[in-house]
Amino acid sequence: MLRNPVKRTLAALALIGLALPAVAETTVSDAWARATVPQQQSSGAFMTLTASTDSKLLSVASPVAKTVQLHEMSMENDVMKMGEVDSVALPAGKAVSLDPNGYHVMLMGLNQQLKEGEQVPLTLVVEDAKGLKQTIEVSAPVRALNAQAQGHDHQHMH
C-alpha cells in the first residue's frame, strides 16, 4: 500500500486521468500578421493548424479589428477570387496552412496600424467532429508588408 500521502494523491490523479476521455487538440504554429501602412483598414493573419482529430476552424476574433473573417482566395478562369467561408476543415493529423494564397484570416476595420515587431492577439474557436469546442489564444507577430509565409509549403485542405 502507498503510505505516503503525496504518492497516494498522485496515484489517485493518475487513475482519474485514465478515466477521462481524450480531448481533441489543435496546435497552431508559424502564426503571423501582415503589417499595414497608415490608414489601411484591413490586413491578413496566417498560420498552420494541426488537429488531433477531424475538426474545423469556426471563427477567429481579435481586439485589433472590428470584424474578423475566415476567407479563401482561389483562382477561377485566371481571375483571383476571395470571399468569406463558414469554416476551414482540419483533417486529423494533417497540417492545414492559412496563407496569403488560400485560406486566411481577414482583419477588417483595423483599430490601429499594424507595425512590424508588434503582436496581434487572436482567439481561434475550433470544433471537433463530436461538437466539442476548443478556444485557442494565439499571439501573432507582425511581419513586414512584403513578408511571405515561412516554413513548409502545405497543400490546402478543401
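## A buried glutamate and its partner

E127 has a relative accessibility of 17% and therefore counts as buried, since the cut-off for that class is under 20% relative accessible area. In this predicted model, the side chain of E127 meets that of K56 in a salt bridge, with a distance of 4.0 Å from N to O. The pair brings together distant parts of the chain, for K56 belongs to strand β3 (residues 55-61) and E127 to strand β9 (residues 119-128), and 71 residues separate them.

K56, at 33% relative accessibility, is classed as partly exposed, whereas E127, at 17%, is classed as buried.

## The second salt bridge

The count of salt bridges comes to two. Besides the pairing of K56 with E127, there is one between the side chains of K81 and E76, where the distance from N to O is 3.4 Å. Side chains of opposite charge can pair when their charged atoms come close.

K81 has a relative accessibility of 41% and is accordingly placed among the partly exposed residues, and E76, with a value of 43%, is likewise counted as partly exposed.

## The surroundings of P141

P141 lies in strand β10, which covers residues 133-143, and its relative accessible area of 30% makes it partly exposed. Along the sequence P141 stands 109 residues from W32, yet the C-alpha atoms of P141 and W32 are 4.9 Å apart in space.

When neighbours within four places in sequence are left aside, the residues in contact with P141 are A31, W32, A33, E118 and Q119. Of these, Q119 belongs to the span of strand β9, given as residues 119-128, the strand in which E127 is also found.

## The chain as a whole

The secondary structure consists of one helix and 10 strands, and, when the protein is read along its sequence, the helix precedes the strands in the pattern α-β-β-β-β-β-β-β-β-β-β. Among contacts between residues at least 6 apart in sequence, 69% join residues that are at least 24 apart; the pairing of K56 with E127, 71 residues apart, and the placement of P141 beside W32 in space, at 4.9 Å between C-alpha atoms and 109 residues apart in sequence, can be read alongside that figure.

The protein has 158 residues, of which 35% count as buried, and E127 is one of the residues classed in this way. The accessible surface comes to about 9600 Å², and carbon and sulfur atoms account for 54% of that area.

How values were computed:
Residues numbered from 1 in each chain as written. Predicted model: local features only at pLDDT ≥ 70, side-chain atom pairs only at ≥ 80, totals over all residues. Heavy atoms only, no water. Helix = DSSP H or I, 4+ residues; strand = E, 2+ residues; numbered from the N terminus. Buried < 20%, exposed > 50% of the residue type's maximum accessible area, 1.4 Å probe, protein only. Contact = heavy atoms within 4.5 Å. Areas by Shrake-Rupley, 256 points an atom, 1.4 Å probe, with all protein chains shown as cover.
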